[in-house]
Amino acid sequence: MSEGIHSIPISKRSPTSWAQFFFGILSFILLSFGSLMINASQLIILLPLQFLPFQFAIELHNLGVRLSKGAGGTLLVFISQWFAPSTLLITLQHDGPGAFSQHEIDKIAIRDSDGRVLALNLPRKSVLIANHQIYLDWWYTWCLAYFMDTHRDVCIVLKKSLKWVPIFGWAMHQFFNFIFLARSWASDRLHLVKQLSLVGRTAQKYDTSLTFILWPEGYIASEGTRPISKKFADKLGISDMNYTILPRSTGLHHSLRALSSCVPDLQLLDITVAYPGVPSSGYPLSYYSLRSVILDGVPPPVVHMHIRRFDVAKEVPIGNISQARGNSGALPHDSPHGQMVQVPEDERQVFDTWLRDRWTEKDQLIQHFYDTGSFSSSLKKHPEIDVPLQLRHKREILYAFCFFIPIIIAFIWAQS
């Protein structure tokens, strides 16, 4: 990759070379092959298990879903390592809202004997929110979950249209249990809360990790979505953001209420993301796309992530959820459709203000990034954590391509 090419807008870059072209084709083939292997394992093993009325079949199905999700996250790290090398550059909040204690900060990075970060000691059960910069945000967020060791239990909110993407959309909907929304709260709210109540109960029942990923802005920051944010700000009578899109609080509010009613120790990880090479007046979407990163081989050399952590029960004003706790979430699984616990208007406004305050801080943090090139206020006192996007072990390559299938087949054979 030519030095500094990532700082040139995609539309102004020179045509890709033959070497880049063939390298991109190889990465596409491997990504497609890995995805097809994951999908094939789901069809061959998980689909039949859905129809078996036995407890072992239910548990095996849940295990298979987790393994296939884990394979998906591992595949993303593998593709990044070999075809789009990048590093997550992580800073942690050390004072103010969402701060980690110094003791926690000292223990977050788990390194090998050479000093390379192998894992991040972050909460096992969390809702992860971030500002939306590019279409690959989900890719790098899932890679982060890989190092959190929660990539087997990721649940992502995506646009409903993505559900109809051949093979991949069907797999994400049927077996990854990702949540697809139409961006209409009237039609989305029942589906969202019902799915999250199920996700939360399952995580508690089997004591598994949980990382629910949501982008409250709803849109990627771009020249086309900037007026949408401005119009929304004018409607509320408040100032618009400079580098982010004004967040919508309703979906996140109901998500936190539904999950926290099932998961008492739920944490909220608030991540501020920034990409290098983009001027303060520009948009990352103009510099990084799925094609430019994966096919052209021009990834961001680093992805800056600043993480804040909030205890949902103690530090986030989600309101009174005592009614929700009584029925396993804001929507009891055995209740008629539509029997949702309504959020009082005063509680909704308090949460809306709280979220906007966090987004204002996020906007100011991005301004600091553009001014200094880092989220850290003092690199000497609060150094960044470098997390290269590399697999922990070479044997995980087999896992990325779902070659654990023979093991599961042998297990099923032994049970029959």
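**Strands, cover and a surface patch in a predicted model**

Modeller: In strand β8, Gln267, Leu269, Ile271 and Val273 point one way while Leu268, Asp270, Thr272 and Ala274 point the other way, and all are buried. This is a predicted model, in which local features need pLDDT of at least 70, side-chain atom pairs count only at pLDDT 80 or more, and totals for chains, interfaces and linings use all residues. Residues are numbered from 1 along each chain as its sequence is written, and side-chain values use heavy atoms, with hydrogens and water left out.

Colleague: What makes β8 a mostly covered strand?

Modeller: Buried means under 20% relative accessible area, exposed over 50%, and partly exposed in between, with a 1.4 Å probe and protein chains only. In β8, 8 of its 8 residues are buried, so the strand counts as mostly covered. For β5 the count is 5 of its 6 residues, and that strand is mostly covered as well.

Colleague: Why is phenylalanine 22 called exposed or buried?

Modeller: Phenylalanine 22 has 53% relative accessibility, and because the cut-off for exposed is over 50%, it counts as exposed. The residue lies in helix α1 (residues 18-49), where helices (H or I, at least four residues) and strands (E, at least two) are DSSP runs numbered from the N terminus.

Colleague: How do you know that β8 pairs with β4 and with β9?

Modeller: Two strands pair if DSSP finds at least two bridges between them. β4 and β8 have 5 bridges in the parallel sense, and β8 and β9 have 8 in the antiparallel sense, so both meet that definition. Valine 127 stands opposite leucine 268 in β8, and glutamine 267 stands opposite aspartate 311 in β9.

Colleague: What makes β6 and β10 edge strands?

Modeller: The open sheet has 8 strands in the order β6-β5-β7-β4-β8-β9-β1-β10, with mixed pairing. The strands β6 (179-181) and β10 (385-388) each pair on one side only, and they are therefore the edge strands. Strand β5 (residues 154-159) is joined to β6 by 3 bridges, running parallel, and leucine 158 stands opposite phenylalanine 180 in β6. Another 3 bridges join β5 to β7, also running parallel, and isoleucine 156 stands opposite isoleucine 213 in β7.

Colleague: How do you know that helix α4 lies across β9?

Modeller: Contact means heavy atoms within 4.5 Å. Helix α4 (residues 137-148) lies across several strands, among them β8 (267-274) and β9 (302-311), and runs at about 65° to β9. Axes are lines fitted to C-alpha atoms, for helices over the stretch in contact, and angles run from 0 to 180 degrees between N-to-C directions.
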